[in-house]
Amino acid sequence: MNIRPATRDDVAAVAEVFASAEEALLGRRSSFDADAVIGWWQTIAFETNTWLFEEDGALVAAAGVEVEGDRANGGGVVVPSAQGRGLGAQLIDLMEGRLAEEGAARSLSWALAADERAAELFQLKGYREVRRFWEMAIDLEQEPPDPAVVIEPFREEEAPALHAANEEAFEDHWEPHPEPFEKWWERQQGRANHDPSLWFVIHDGDEVAALARNELRASGGYVGSLAVRRPWRGRGYGRALLLHSFREFRRRGMTRATLGVDATNPTGATHLYESVGMHVETEEIVWEKRLA
């Protein structure tokens with residue numbers, strides 16, 4: 001078994017490994033693609049915080065972890081044909097060893113809720129379930145209604161205001177971690193599918209009241225962030241931005257759209273998404289272990 005760090009050239013292969021495991025569990029084609037890996041690993045230290053396991057030249061397992069404040073976010077996968085050989089445990093040990101070097105107090109890892117093997121392994125390693133997230137989807141077979149709200153395209157000069165509005169809107173979500181504007185903006189511009197023409201804003205005078213930051217992926221349109229600031233909630237702005245985004249996805253030839261959401265989101269976002277016709281396609285569990 002050859003173990004080495006990943007490089008940006010490995011992103012597509014890593015995505016394929018994750019997709020193969022998901023497809024084996026759920027019995028359908030996965031939407032996990034290279035864009036998802038790039039978004040996840042965009043600021044990761046490849047040389048020290050990623051691991052690829054290769055056997056006879058084929059990639060059979062992969063993992064990556066990144067520290068944010070006192071916590072670390074990580075994830076790994078083993079292809080179905082190589083499961084049951086202890087590779088998953090090795091990945092966890094490698095990640096935890098690296099986190100000990102970086103001084104992280106907590107490790108958070110993600111796994112599909114349908115993955116019973118992963119649940120058993122995490123529990124054996126001292127992890128506990130702390131949260132569930134859903135990926136929700138909608139098939140854009142029919143033209144969504146035109147929202148009766150004035151929605152404007154994003155202007156680059158208001159990027160700081162957009163970032164501030166997004167940070168404020170997510171303050172009451174689970175595990176918020178504020179990010180400086182410069183780092184956030186660099187990360188957005190570094191995405192291979194960065195397209196600000198898919199970002200939309202609702203203004204109240206000079207204020208950014210709500211926003212949608214979208215992107216196109218191989219699997220369809222993706223709502224990366226939907227945010228309504230507290231003073232403007234309850235006015236239908238989230239629904240309007242969703243419908244507007246769906247209409248734009250369709251205009252660009254996309255036949256489906258997805259987004260990720262906290263299953264117990266305190267703002268009622270899951271009910272909003274269901275009300276516009278979205279359904280839960282995938283459920284993930286966040287597993288946590290205190291390291292210090």
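What follows is a conversation between a trainee and a mentor about the predicted model above.

Mentor: Before we start, this is a predicted model, in which local features need pLDDT of at least 70 and side-chain atom pairs count only at pLDDT 80 or more, while totals for chains, interfaces and linings use all residues. Residues are numbered from 1 along each chain as its sequence is written, and side-chain values use heavy atoms, with hydrogens and water left out.

Trainee: How do you know that the radius of gyration of the chain agrees with that of a compact globule?
Mentor: The radius of gyration is taken over C-alpha atoms, and the globule rule is 2.2 Å times the number of residues to the power 0.38. For 292 residues the expected value is near 19 Å, and the chain has 19 Å, so the two agree. Along the principal axes, the C-alpha atoms fill a box of roughly 60 × 40 × 35 Å.

Trainee: What makes up the secondary structure of the chain?
Mentor: There are nine helices and twelve strands. Helices (H or I, at least four residues) and strands (E, at least two) are DSSP runs, numbered from the N terminus.

Trainee: Why are E1 and E7 called edge strands?
Mentor: Two strands pair if DSSP finds at least two bridges between them. The twelve strands form an open sheet with mixed pairing, in the order E1-E2-E3-E4-E5-E12-E6-E11-E10-E9-E8-E7. Strand E1 (2-4) and strand E7 (152-153) each pair on one side only.

Trainee: What makes E1 and E2 a pair?
Mentor: Three bridges, in the antiparallel sense, against a required minimum of at least two. Asn 2, for example, has Glu 54 in E2 as its bridge partner. Glu 54 in turn is bridged to Leu 59 in E3, and E2 and E3 pair antiparallel over six bridges. Those two strands form a hairpin with two residues between them, where Asp 56 in the turn has a positive phi of about 55°.

Trainee: How are E8 and E9 joined?
Mentor: Six bridges join strand E8 (residues 199-204) to strand E9 (residues 207-217), and the two run antiparallel. One bridge links Asp 204 with Glu 207, and another links Ile 202 with Ala 210. Two residues lie between the strands of this hairpin, and Gly 205 takes a positive phi near 65°. On to E10: a hairpin of two residues connects E9 to E10, and those strands pair antiparallel over eight bridges.

Trainee: Why is E9 described as largely enclosed?
Mentor: Buried means under 20% relative accessible area, exposed over 50%, and partly exposed in between (1.4 Å probe, protein chains only). Nine of the eleven residues of E9 are buried, so the rest of the structure largely encloses this strand. E2 is mostly covered too, with five of its six residues buried. Across the chain, buried residues make up 50% of the 292 residues.

Trainee: How do you know that the length of H1 agrees with its 16 residues?
Mentor: The expected span of a helix is 1.5 Å times one less than its number of residues. For H1 that gives 22 Å, and the end C-alpha atoms are 22 Å apart, so the span agrees. After H1 comes Gly 27, with a positive phi near 70°.

Trainee: Where do the buried residues of H1 pack?
Mentor: Against helix H2 (34-41), E2, E3, E4, E5 and E12. Val 11, Val 14, Phe 18 and Glu 22 are among the buried residues of H1.

Trainee: Why does Gln 42 count as buried?
Mentor: Gln 42 has 10% relative accessibility, and the cut-off is under 20%. Gln 42 lies in the loop between H2 and helix H3 (46-49). Leaving out residues up to four places away in sequence, Gln 42 touches Arg 8, Glu 186, Arg 187, Gly 190 and Arg 191, where contact means heavy atoms within 4.5 Å.

Trainee: What joins the side chains of Asn 73 and Glu 68?
Mentor: A polar contact of 3.3 Å. The term means a pair of N or O atoms within 3.5 Å; within protein, one must be able to donate a hydrogen and the other to accept it, and residues adjacent in sequence count only if both atoms are side-chain atoms. Asn 73 lies in strand E4 and counts as buried at 14% relative accessibility. Asn 73 and Ser 107 are 34 residues apart in sequence and 6.3 Å apart in space, C-alpha to C-alpha.
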